Each structure stands twice: as C-alpha cells, then as structure tokens.
Amino acid sequence: MGENLSKEINLNIKEFKIDLLKNGGDPGVLIPLLQSAQDSYGYVPEKVINYISEFAEIPAAEIYGVVTFYSQFRLKPLGKYIVKVCEGTACHVNGAKSIVNMLLNELGIGVGETSDDGMFSLLSVACLGCCSLAPVIMINEETFGSLTPDKVRKVLKKYRQK
Amino acid sequence: MVEVKVGLGTCGISAGGYTVFDELKIEKDKNNIDFELKETGCMGMCYREVLVEINDEKGKWLYAEVDKARVKKIVEDHLISGKPIEEWLVKTGKNENEDPFFEKQKRIVLRNCGEIDPNSIDEYLEKDGYSAIQKVINDDSPEDVIKVITDSGLRGRGGGGFPTGLKWKFTSEAQGDKKYVICNADEGDPGAFMDRSVLEGDPHSVIEGMMIAAFAIGAEYGYIYVRAEYPKAIERLRTALGQATEKGYIGEGIFGSKINFNIKIKEGAGAFVCGEETALIASIEGKRGIPRVRPPFPAVKGLWGKPTNINNVETFGNVPWIILNGAAAFASMGTEKSKGTKVFALAGKIKKSGLAEVPMGMTINEVVFEIGGGIKDGGKFKAVQMGGPSGGCIPASMGDIKIDYDEITKTGAIMGSGGMVVLDETTCMVDLAKFFLTFTQNESCGKCTFCRIGTKRMLEILEKITLGKGEEKDLDLLEELSYKIKDNSLCGLGQTAPNPVLTTLKYYREEYEAHIRDKQCPAHSCAALIEYKVIPDKCTGCTLCARNCPVDAIEGSVKEIHKIDPEKCIKCSLCFQACKFDAIEKI
C-alpha cells in the first residue's frame with residue numbers, strides 16, 4: 001500500500017517539499033513538513049499525515065498530536081476568503097467585540113467555521129501585530145484597520161462582489 | 001543623492017505602505033526625477049502611517065499619513081520644486097515643530113529601525129554593522145565578552161529579566177561537544193510588536209548579537225525561532241542571513257578566524273507556550289511545545305540535550321551596541337538594577353500608539369502622556385496593562401512608578417516583553433481579566449493540572465461574574481485558585497496566568513463587587529449587565545439603528561423616535577456604534 005499511496009500523493013504534490021523527507025526521521029523535520037503541506041493544500045490532509053508517518057517513521061498519533069497542538073495547522077480546507085478577526089488586547093479594548101458581532105451577523109457562521117458556499121472562513125487570532133490600527137481584520141493578505149461595524153459590512157460587500 | 005524612504009514594517013504595510021511605494025516609483029519614472037527610493041523598517045510613529053522620509057541637502061523631512069494622492073503633491077512640490085509641504089510634515093529639516101514623540105526616547109535597539117534599508121547589508125555596515133563581532137574576534141576572549149555583558153547590567157528583555165551575562169556564563173561553563181544559541185522571536189503577547197519591528201527593521205543587528213553570544217559561549221550553531229505569523233520578519237531575516245553568508249560572516253572560519261557559526265530559521269506554528277524556553281526547545285525538536293521540569297536548565301541540557309543559550313530579539317539587539325560603546329555607557333542609563341533602555345509597544349486607548357524606546361527609570365506617566373500624547377477621544381486614563389497575559393494592570397494613580405524590573409514586579413504586574421496597553425474608563429477590569437484568562441486557558445499546554453483545570457475553573461467564575469450571576473464567595477475562590485495555579489505550574493505560562501486576575505482584584509475589587517452585589521458593570525461594558533436605550537431628544541428617526549439591528553429589536557419608522565425592545569435585544573452594540581447622533585445610550 002505504501003508505494004501506491006506515495007504515488008498518489010506524489011501526483012498531487014507539486015509544491016510539497018518532499019526533499020525534506022529524504023533524511024527520513026531526521027529529528028525536527030515534522031513541523032516544517034506539515035507547514036509545507038499546509039502551504040500546498042491550504043490544510044493538512046489526512047493522507048499527507050499517513051504519508052509522512054510512513055516515510056519519516058513517526059507514528060501518526062504523534063503527528064496528530066503536533067497538528068492539533070499548534071494553532072497554525074488545520075485539518076479541514078478553508079474558504080476562498082479567510083477573514084481573521086484580531087482579538088488582541090489593543091483590539092479588545094478598542095471594540096473588537098462589536099466587530100466580531102458584525103462578522104457573525106453578516107457571514108452567518110461561527111468563529112472557526114466556513115460558509116456553505118465555501119466563500120468565507122472566519123478565524124479569530126490573538127494579535128495581528130498592527131495594534132495602532134485597532135480594531136483590525138485581515139482578509140487573506142489584506143489588512144483593514146480602524147474599523148467600525150459599518151465599515152466591516154462595506155468591506156464584506158466588496159468581497160462578495162468580487 | 002536625494003533619498004526617499006518609505007516605512008514598510010507590518011504597520012506601514014497594513015496602512016497601505018506598498019501602494020505609496022509603488023506610486024512613488026511611478027511618479028519617479030514618469031517625471032524622470034533622480035532620487036533613490038528605499039524601503040525601511042518601522043519608524044515608530046505607527047499612529048501616523050504611512051510615513052515617508054525625504055533626505056535631501058537641506059535635511060530630513062518626515063511626511064505622515066501619506067497616501068496615493070499625497071504622493072503626487074509631495075513629488076511635485078517637494079521633489080521637483082523644492083518646496084516642502086509644511087502641513088504634512090511631522091519632522092522638518094529645520095528641526096522645528098517636531099512631534100515630541102521622539103524627544104524623550106533613547107534609541108539603542110531601534111538605532112537603525114526606520115533608518116536603514118533592512119534588505120541591505122551595506123547600509124547596516126555603514127552603521128558600524130558587524131564591527132562588534134570583528135572586534136571581539138580580534139581583541140577579546142570569550143571571558144572578556146561575558147564580563148562586558150555582565151558589567152553592562154543587561155537583563156533578559158523577553159520578560160523574565162534574568163541577567164544576560166550570567167546566562168552566557170552558565171552556558172559557556174557547561175560541558176558539551178556541541179552548543180547552541182537560540183534567538184527567541186516567538187513574540188506571543190497579544191498587544192506586543194517590539195520584536196517583530198526589530199526583525200523587520202534591523203535583522204542584521206539581531207544576527208550580530210547572536211554571533212557575539214555564540215563566540216562567548218563557544219557555540220557553532222544558532223536557531224532563530226520566529227512566529228510563522230510574522231511573514232515579513234521571516235522574509236527579511238532570510239535575506240539578511242543570505243547576505244551575511246555570502247559575505248562570509250556566517251559559515252566556516254568567520255572573519256578569517258577558526259570560528260564557525262551557522263544559523264537556521266525555525267518557524268513557530270502558533271503556540272504561546274513556546275515562548276517558554278524548554279517548550280521552545282521541544283518545538284524545534286519537532287515535538288509538541290510542552291515545557292519540562294527545570295533544572296536541568298537549557299544552559300546545561302537544552303536543544304538535543306546540549307548546552308543552549310536562549311535570549312530574545314531585543315536582548316540580542318542590545319549586544320552589538322554594548323560591545324562597541326562599552327559596558328559603562330549602557331550601565332549609565334537606567335536605575336540601579338535595571339540598565340539601558342526598554343522598547344515598548346504602545347497601544348490601546350492612547351493617542352500615539354507605536355513603538356517607543358525609553359531609558360529605564362522613566363515613569364509610566366511620562367511614557368503615556370509625554371510620549372504617547374495621553375488618552376484618545378478625550379477619555380480618562382484608567383490603567384496600563386503591562387506584560388500581557390502574564391502581567392497585570394497598574395492603575396493610573398500609580399503612574400509615577402518607574403520603568404524598572406523590580407519596581408514593576410512589586411505592583412503585581414511584570415515588565416514583560418514590552419506590550420503596554422493603555423486603558424480608559426470604558427474598559428471593564430473584570431472583562432479584561434476574563435479576556436486574558438481566556439487566552440492563557442486556551443494556550444495552556446495541559447501538562448500541569450492546576451494550569452489546565454484551575455484556569456478553566458477561574459474562567460468559569462469570571463464568566464459567571466460578568467453575566468451578573470456571581471456570588472460573594474467567588475472572589476475568595478478566585479484568589480485561592482490563583483495561588484494554587486502559581487505554585488503548582490512548571491512554567492511561566494501557568495505561574496503567571498493568574499496575574500491579570502490578581503492585579504485587577506487588588507486594585508479594582510470594587511468593580512468585581514459591583515458586578516456581584518449590584519449586578520452592574522461600572523464601565524458599561526459587560527453585555528449582560530447593560531441595557532441599550534434610545535434617547536428620545538436626540539433621536540432623529542433616521543432608521544439607521546433599526547437597519548443595523550440583526551434581531552429586529554428596534555421599532556420605529558422614518559422621522560419617528562425609535563424604541564429598543566429589551567426582550568429581543570441581544571446587546572451586540574451594533575446600533576450604538578451605528579447611530580450618528582449619539583442617541584443611543586448604555587445604562
């Protein structure tokens with residue numbers, strides 16, 4: 001099964017840094033491997049976990065342990081637009097709560113969920129690091145700062161029309 | 001040649017820095033003007049982004065809040081016609097009308113941030129870059145270096161405040177065939193962005209600091225553990241490492257000596273606990289970032305079981321300066337036990353949020369009012385939160401406390417890594433304690449029982465109190481749990497997790513009591529304890545509130561006074577925020 005699986009994965013993996021696996025169970029390789037898998041797929045698919053387990057000789061249970069320990073890793077694909085709402089301290093005291101309320105209301109999904117049409121995923125993050133612009137959200141790579149609930153609605157409208 | 005620099009730290013980029021940069025490029029080509037367009041890191045004035053500095057024969061001119069439209073005019077008036085646009089300038093070539101933001105600062109760690117192009121090793125070299133490492137290789141023994149760092153009084157800037165020289169000494173004395181130097185760039189406090197700004201603005205100085213540490217302790221390998229959430233910092237670090245390797249500063253036989261030193265970047269995957277040394281080491285080893293019992297300390301048994309020295313970004317950033325300027329120069333700044341400067345990320349309800357580096361010994365009031373310009377929107381200064389989830393709140397009444405590790409620890413807060421979030425009277429202290437505990441509870445790795453379960457129980461109690469269901473005995477229980485968690489947790493995360501609760505209980509107990517006894521939130525912040533009402537005299541009947549209400553709880557037609565149905569209202573505050581006439585109040 002191992003060979004078939006690796007063939008199947010290889011077909012799908014273009015960006016995934018297979019070369020990291022050359023060193024087999026080289027200690028410390030697991031997190032970079034998972035990061036590159038997520039870079040390629042947008043999440044860490046189950047078959048990648050099995051694949052890494054086999055080739056790096058790390059038990060799958062341990063890999064799941066690592067995947068679920070770090071907030072960066074996801075086991076499910078995300079929507080086209082990833083809305084990250086900052087709930088860092090500066091945003092919190094500058095009214096992040098009403099921004100979250102507006103997002104929940106407008107998107108109709110909870111934090112950590114993806115809309116049925118696959119358009120939006122809503123994530124909450126601890127700090128985006130641009131505290132002077134609080135409250136802040138980020139949609140994919142674009143940052144929107146000094147927000148009010150009304151501005152959030154306008155921003156989302158723009159993305160819906162894209 | 002005239003230089004034009006655009007501040008492109010994460011803050012500048014978020015505010016539209018690249019649009020300004022590209023526009024400048026277009027205008028430059030279109031008008032065929034001869035100036036050098038450059039990127040630079042964070043200039044500190046995040047509250048006036050996007051910042052553009054023009055450096056011409058008459059001096060340095062700093063333009064604030066630059067956007068596409070302003071670029072055009074700046075190019076036409078200043079760069080072509082030689083007439084600076086006074087009203088957009090925050091710093092002029094004549095050194096007049098300067099924003100006092102910089103006046104009280106002393107920039108050591110930030111010496112090159114916002115000055116040089118972080119992508120250019122040559123600009124770092126022009127600022128005496130890599131001359132400190134050459135000096136120690138040529139003139140000093142490892143013991144000499146450790147002595148200088150010890151004498152300077154430098155203490156760990158990650159929050160703990162452990163003397164850096166002593167830490168180096170321990171690792172240098174430890175036996176091991178291999179030794180490691182690690183730079184902790186896993187800046188995880190929500191509300192802190194000092195380390196990110198240093199890495200984005202002056203990556204070479206951190207690398208040089210690590211090299212000096214490696215020389216002092218005899219390490220050949222280094223790791224920079226940096227948050228994956230800091231893509232720009234990682235990108236600039238990679239560029240810097242590539243350049244330093246190409247020049248032969250990193251690698252085998254550096255600067256013609258027999259010393260080898262290599263650095264790898266490890267991207268953290270998002271776990272606050274990895275800021276703790278032993279958890280960070282576990283994470284580099286590819287495992288879950290779970291701390292272990294100390295001793296043995298990493299200095300004796302660290303990465304892969306070898307002696308390892310870990311310092312944070314800001315600590316390393318100080319090192320080359322200390323080597324070049326001497327221990328005495330560094331120790332001349334600050335208080336008796338806290339030397340040098342500290343970088344703070346000012347945020348929250350403050351007018352000028354940004355990055356400020358101040359000499360130790362400055363008071364909190366000076367930082368908040370003289371550098372930060374005071375409270376925004378006419379609010380009243382209530383407290384500063386220092387040290388993030390591990391720290392606590394220092395009330396405004398104690399604003400003349402000095403920035404000093406020991407003085408701040410005495411208040412119940414900690415110096416921390418430099419996050420300083422300013423609070424005004426709209427912040428509910430119970431809610432803030434709940435906010436931090438939600439964070440630490442979420443980030444607890446689960447190893448220690450009290451940290452895992454105790455924080456959960458504390459969070460439940462806080463939740464109860466903010467819902468108006470608290471009981472008198474809850475406060476004692478909160479305190480009891482706090483001390484149990486502090487005493488029975490292995491690492492800093494658990495040992496400090498109760499601090500936000502303890503400090504707010506200490507200074508704002510009456511706010512907790514108001515929630516419990518009177519079922520009231522004095523800051524009008526806790527949703528369950530407030531009610532939204534329309535002020536009839538102010539309502540114009542514009543219907544905006546009703547249109548914003550997600551649950552149709554607001555009745556009223558056009559030009560009619562609106563009414564909120566308290567039964568239906570979910571207290572999301574959207575109407576309050578939407579109203580343009582301040583006609584909705586929280587009671």
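## A tour from helix H4 of chain A to the contact with chain B

Begin by selecting helix H4 of chain A, where A:Ile63, A:Gly65, A:Val66, A:Val67 and A:Phe69 are buried. This is a predicted model. Now add helix H2 (30–41) and helix H3 (46–56) of chain A to the selection: the buried residues of H4(A) pack against these two helices.

**The loop after H4**

Follow chain A onward from helix H4 (60–69). The loop between this helix and strand S1 (81–86) holds A:Lys80. Select that residue next. Is A:Lys80 buried, exposed or partly exposed? Its relative accessibility is 49%, and because exposed requires over 50%, A:Lys80 counts as partly exposed.

Show the side chains of A:Lys80 and A:Tyr81. The two side chains make a polar contact at 3.5 Å. Then display what else A:Lys80 touches: leaving out residues up to four places away in sequence, the list is A:Gly118, A:Met119 and A:Asn140.

For a distance check, pick the C-alpha atoms of A:Lys80 and A:Asp39. They lie 15 Å apart in space, while the two residues are 41 residues apart in sequence.

**The contact between the chains**

Zoom out and colour the two chains separately. The contact between them takes 36 residues from chain A and 53 residues from chain B. How much area do chain B and chain A bury between them? The figure is about 3,400 Å², with 57% of it on carbon and sulfur atoms.

Turn on polar contacts across the boundary. Between chain B and chain A, 16 residue pairs are in polar contact, counting pairs with both residues at pLDDT 80 or more. The salt bridge count between the two chains is one. To find this bridge, select B:Asp431 and A:Lys97; their closest N and O atoms are 3.5 Å apart.

With B:Asp431 on screen, select helix H16 (residues 429–443) of chain B. This helix supplies five residues, the largest share of the side of chain B that touches chain A. Colouring that whole side by residue class gives 27 nonpolar, 15 polar and eleven charged residues.

**Confidence**

Finally, colour chain B by pLDDT. Its average is 95, and 99% of the residues score at least 70. Where pLDDT is low, predicted coordinates should not be read in detail. For the model as a whole, the scores are ipTM 0.86 and pTM 0.92.

Key: Residues numbered from 1 in each chain as written. Chains lettered and ligands numbered in written order. Heavy atoms only, no water. Helix = DSSP H or I, 4+ residues; strand = E, 2+ residues; numbered from the N terminus. Buried < 20%, exposed > 50% of the residue type's maximum accessible area, 1.4 Å probe, protein only. Contact = heavy atoms within 4.5 Å. Polar contact = N/O pair within 3.5 Å; in protein donor to acceptor, adjacent residues only side chain to side chain. Buried area = accessible area lost by both parts, 1.4 Å probe. Salt bridge = Lys/Arg side-chain N within 4 Å of Asp/Glu carboxyl O. Nonpolar A, V, L, I, M, F, W, Y, C, P; charged D, E, K, R; others polar. pLDDT = per-residue confidence, 0-100.
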